Amino acid sequence: MKYTPYLANAAALLIVSAGIVHADDKHSATAPAAHAAAPVVTPEAAVAKLTEGNARYVSKSVSNGKPTAKARAATAQSQHPFAIVVGCADSRTSPELVFDQNIGDLFVIRTAGNLVDDYALGSIEYAVAHLGAKLIVVLGHERCGAVKAAVASGSAPGHVGSIVSGIRPAVKAVQGTAGDLLENAVNENIYRVADKISRKAALGDEKSSVRIVRAVFDLDSGKVQWLK
Ligand SMILES: [Zn+2]
């Protein structure tokens with residue numbers, strides 16, 4: 001995967017953590033009691049956990065991320081997800097599976113084409129303000145049907161038309177550029193969604209400690225590639 005006009009703005013897009021707080025990489029494995037203060041998982045630690053989880057997903061034939069009675073009990077009264085994932089509704093791209101995480105680990109928002117509307121932005125704001133998540137991942141994927149629809153046409157029946165309209169600017173931005181149009185449009189859409197979250201999510205005092213990252217999922221290999 002290469003390219004995108006937004007690449008030049010990548011640095012500006014990142015909201016990099018300034019204040020690092022007691023990171024606990026074992027956070028999800030040792031979920032605290034219901035009313036205990038949750039340790040903060042920094043954006044850097046969160047990316048590392050997701051990267052390790054995806055490597056497990058890619059390399060193992062059996063996932064480690066299945067819910068268990070223990071995990072259920074640990075999270076039944078409270079949740080402290082260490083990352084927010086904005087992903088596509090595509091049935092092959094479930095973040096809990098591709099990052100090999102358990103219940104309570106990820107706060108997930110999914111729409112076709114990984115678009116964000118006001119409901120999604122509100123969900124992100126809630127997870128940052130009330131659940132302590134410091135990392136926002138925008139996860140697109142290879143051969144995304146929603147992006148493919150927006151490449152094929154500027155309109156679609158019913159509410160699918162809203163999705164096509166939402167993705168269409170990304171398609172137009174990459175038309176005529178080198179490489180595969182669908183792949184470029186998928187990447188461009190990921191950048192634009194991340195940019196929208198950066199501009200529109202009201203993160204308040206948390207903004208300086210939250211980081212937004214972009215990633216694309218390879219349906220063939222199962223690998224998540226972090227985009228620069
Ligand atoms: Zn998709």
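Here's a quick briefing on how this chain folds, how its helices pack, and which residues stand out.

The model is predicted. The protein chain has eight helices and five strands, and 45% of its 228 residues are buried. Among contacts with a separation of 6 or more, 70% join residues 24 or more positions apart.

**Overall layout**

- Starting at the N terminus, the elements of the protein chain go α-α-α-β-α-β-α-β-α-α-α-β-β.
- The tally for that protein chain is eight helices and five strands.

**Helix 6 against helix 7**

- Helix 6 covers residues 145-152, and its axis sits 8 Å from that of helix 7, at an angle of about 70°.
- Since 65 to 115 degrees counts as roughly perpendicular, helix 6 is therefore roughly perpendicular to helix 7.
- On the helix 6 side, the contact uses A146, V147, A149, A150 and V151. On the helix 7 side, the partners are I163, V164, I167, R168 and V171.
- Sorted by type, the residues of the contact between helix 6 and helix 7 come out as nine nonpolar, no polar and one charged.

**Helix 7 against helix 8**

- Helix 7 (residues 160-174) and helix 8 (residues 181-200) have axes that come within 8 Å and cross at roughly 120°.
- Helix 7 and helix 8 are therefore oblique to each other, and their crossing is right-handed.
- Helix 7 brings G166, I167, P169, A170, V171, A173 and V174 to the contact, while helix 8 brings L181, N184, A185, E188, N189 and R192.
- For the contact of helix 7 with helix 8, the split is eight nonpolar, three polar and two charged.
- I167 and V171 turn up in the contact with helix 6, and I167 and V171 also appear in the contact with helix 8.

**Aromatic pairs**

- Searching the whole structure turns up three aromatic pairs.
- One of them is Y57 with F217, a tilted pair with 6.4 Å centre to centre and 50° between the planes.
- Y57 belongs to helix 2 (residues 43-59) and F217 to strand 4 (residues 211-217), so this pair links distant parts of the chain, 160 residues apart.
- Y57 is partly exposed at a relative accessible area of 32%, whereas F217 is buried at 2%.
- F99 and W226 form a stacked pair, with 6.1 Å centre to centre and 20° between the planes.
- The F99 and W226 pair links distant parts of the chain as well: F99 is in the loop between helix 4 (95-98) and strand 2 (106-111), W226 is in strand 5 (residues 224-227), and they're 127 residues apart.
- F99 counts as buried at 0% relative accessibility, while W226 is partly exposed, with a relative accessible area of 24%.

**K134, a buried lysine in a loop**

- K134 is in the loop between helix 5 (118-131) and strand 3 (135-141).
- With 10% relative accessibility, K134 counts as buried, because the cut-off is under 20%.
- K134 and V40 are 94 residues apart in sequence, yet their C-alpha atoms are 8.0 Å apart in space.
- Setting aside neighbours within four places in sequence, the contacts of K134 are V40, V41, P43, F82, E206, S209, V210 and R211.

**Positive phi**

- As background for this group, most residues other than glycine have a negative phi.
- D100 has a positive phi near 50°. D100 is in the loop between helix 4 and strand 2, and F99, from the stacked aromatic pair, is in that loop too.
- D100 is buried, with a relative accessible area of 5%.
- N114 also has a positive phi, near 40°, and isn't a glycine. N114 is in the loop between strand 2 and helix 5.
- N114 counts as buried, at 2% relative accessibility.

Note on methods: Residues numbered from 1 in each chain as written. Predicted model: local features only at pLDDT ≥ 70, side-chain atom pairs only at ≥ 80, totals over all residues. Heavy atoms only, no water. Axes fitted to C-alpha atoms, helices over the stretch in contact; angles between N-to-C directions. Helix = DSSP H or I, 4+ residues; strand = E, 2+ residues; numbered from the N terminus. Parallel < 35°, antiparallel > 145°, perpendicular 65-115°, else oblique. Left-handed = near helix turned anticlockwise from the far one by under 90°. Contact = heavy atoms within 4.5 Å. Nonpolar A, V, L, I, M, F, W, Y, C, P; charged D, E, K, R; others polar. Phe/Tyr/Trp six-rings, centres within 6.5 Å; stacked < 30°, edge-to-face > 60°. Buried < 20%, exposed > 50% of the residue type's maximum accessible area, 1.4 Å probe, protein only.
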